[in-house]
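Colleague: I should be grateful for a close look at one part of this model, namely the place where two helices pack against each other. Please set that part in the context of the sheet and of the confidence of the prediction.

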Amino acid sequence: MTEPARLLTVTPRHVTAKAFLLVVAGELDHHTSNLLTEAVNEAPFSEQSVIIDLSGLTYCDSTGISVLITAYNRSLAAGTQLSLTGVSPDQMRIFELIGLDQVFAFYATPEEAATALQS
């Protein structure tokens, strides 16, 4: 019996003049992290703050966390903000355990994050 394919989608879109959104859905792991890595590399960090919506994320391993840290480092280097939205309670627990709840800006929705960027 073959293992089911691990699926991940990353959908980029402009939200406002100040915010660029990456909508992530599916399983983010060693096998799929390259999709998010590519999207992070192509995101306009030097021109806009980036919001990564994780509300559709069903699984995330340490490789996925590493990609999110890379995105954070890109935002720091560019002087823009990285916001994470739609983080589930289980995912938030992992962020808290490894101290990343003190690093990332968290919002319930992409709209909430975009509004925060306007102020």
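Modeller: The account below begins with confidence, turns to the sheet, and then examines the helix pair and two serine residues.

The structure is a predicted model. The protein chain has an average pLDDT of 93, and 95% of its residues score at least 70. Among the elements, strand β4 (residues 82–85) has the highest mean pLDDT, at 98, while helix α4 (residues 110–118) has the lowest, at 92. As a general caution, predicted coordinates should not be read in detail where pLDDT is low.

The sheet provides the setting. It is open, contains five strands in the order β1-β2-β3-β4-β5, and has mixed pairing. Strands β1 (8–14) and β5 (105–107) occupy the edges; each has a single partner strand, and therefore one side of each lacks a neighbour in the sheet. From one strand to the next, the twist averages 25 degrees. Within this sheet, β2 (residues 19–28) and β3 (residues 49–60) run parallel and are joined by nine bridges. A25 has G56 of β3 as its bridge partner.

Helix α1 (residues 33–42) lies across β1 and β2, and its direction makes an angle of about 175 degrees with β2. Two packed helices are generally described by the angle and the distance between their axes. For α1 and helix α2 (residues 62–78), the axes come within 10 Å and cross at roughly 5 degrees. Since angles under 35 degrees count as roughly parallel, α1 is roughly parallel to α2.

The contact itself can be read residue by residue. From α1, the participants are S33, L36, T37, V40, N41 and E42; from α2, they are T63, V67, L68, A71 and R74. By character, the residues of this contact comprise five nonpolar, four polar and two charged.

Helix α2 also contains S75. This residue has a relative accessibility of 1% and so counts as buried, the limit being under 20%. Leaving aside residues up to four places away in sequence, S75 touches F45, T80, Q81 and L82.

A second serine, S49, belongs to strand β3. Its relative accessibility is 11%, and S49 therefore also counts as buried. With residues up to four places away in sequence again set aside, S49 touches K18, A19, F20, T80, Q81 and L117. T80 and Q81 thus appear among the contacts of both S75 and S49.

Definitions and conventions
Residues are numbered from 1 along each chain as its sequence is written. This is a predicted model: local features need pLDDT of at least 70, side-chain atom pairs count only at pLDDT 80 or more; totals for chains, interfaces and linings use all residues. Side-chain values use heavy atoms; hydrogens and water are left out. Two strands pair if DSSP finds at least two bridges between them. Helices (H or I, at least four residues) and strands (E, at least two) are DSSP runs, numbered from the N terminus. Axes are lines fitted to C-alpha atoms, for helices over the stretch in contact, and angles run from 0 to 180 degrees between N-to-C directions. Contact means heavy atoms within 4.5 Å. Angles under 35 degrees count as roughly parallel, over 145 as roughly antiparallel, 65 to 115 as roughly perpendicular and the rest as oblique. Ala, Val, Leu, Ile, Met, Phe, Trp, Tyr, Cys and Pro count as nonpolar, Asp, Glu, Lys and Arg as charged, and the others, Gly among them, as polar. pLDDT is the predictor's confidence in each residue, from 0 to 100. Buried means under 20% relative accessible area, exposed over 50%, partly exposed in between (1.4 Å probe, protein chains only).
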